[in-house]
Amino acid sequence: MKETVPKESLLDHTSRYLHKLFTGFYSLMQGMDITFKYFINPKTVITQQYPENRDTLEMFERFRGPLHMPHDEKGENACTACGICEKACPNATISVLATKDVSGRKVLDKYVYRIGQCAFCGLCVEACPFGAITMSREFELTVYDRDELTWVLNQPQETALGTS
């Protein structure tokens, strides 16, 4: 024998509809709450208008960008080619190629940085006992050719990017 399901009364149907309508409106207002707060007090907005503010935009202090090797006014860097950063890198992103100078000391020939492999973990910077490398705040790193993601950091900046 078939059981008959009682039909929902018009009052139950209407009350369920109104309940969904009001809860939907309430959830919409909860979602728009932060938008209204920013509209009333625009100084609290943390969203950046990129790329319009590209000239004035600075990344946060804790931001980890690609490696940078600071040079002094003579164009020299503090790297001694010890290779500690190379050993600390979990992805083999860094290659320190050393040579010997006239006196037989080990000196840096090339500091090769493969940014396409870098995890931006900062372990190399922490491991460097001489402070020869730092994490920069650059964030626009897109290129068309993958070969441009291999940098030689101990050369002047104009020639360092995109060379191997």
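**Reading a buried asparagine and a nonpolar core**

Biologist: Is Asn154 buried or exposed in this chain?

Modeller: The model is a predicted one. Asn154 has a relative accessible area of 16%; the limit for a buried residue is under 20%, so Asn154 is buried. Across the chain, buried residues make up 21% of the 164 residues.

Biologist: Where does Asn154 lie, and which residues does Asn154 touch?

Modeller: Asn154 sits in the loop between strand 5 (150-152) and helix 4 (157-160). Leaving aside residues up to four places away in sequence, Asn154 touches Met69, His71, Asn77, Leu108, Asp109, Lys110 and Tyr111.

Biologist: Which backbone atoms does the side chain of Asn154 reach?

Modeller: A polar atom of the Asn154 side chain lies 2.9 Å from the backbone oxygen of Asp109. The side chain also reaches the backbone nitrogen of Tyr111, at 3.1 Å.

Biologist: How should the largest nonpolar core be read, and which residues have the most contacts inside it?

Modeller: As a general idea, nonpolar side chains in soluble globular proteins tend to be buried together. Here the largest nonpolar core has 20 residues, and Leu67, Ile94, Tyr111, Tyr113 and Ile133 have the most contacts inside it. Strand 2 (94-100) and strand 3 (106-114) are the elements that give two or more residues to this core; strand 3 supplies the largest share, three residues.

Biologist: Which residues does Tyr113 touch?

Modeller: Beyond four places in sequence, the residues touched by Tyr113 include Leu67, Ile94, Phe120 and Trp151.

Biologist: In what order do the elements run along the chain?

Modeller: There are four helices and five strands, and from the N terminus they run α-β-α-β-β-α-β-β-α.

Notes:
Residues numbered from 1 in each chain as written. Predicted model: local features only at pLDDT ≥ 70, side-chain atom pairs only at ≥ 80, totals over all residues. Heavy atoms only, no water. Core = buried A, V, L, I, M, F, W, Y, C linked by side-chain atoms within 4.5 Å. Buried < 20%, exposed > 50% of the residue type's maximum accessible area, 1.4 Å probe, protein only. Contact = heavy atoms within 4.5 Å. Polar contact = N/O pair within 3.5 Å; in protein donor to acceptor, adjacent residues only side chain to side chain.
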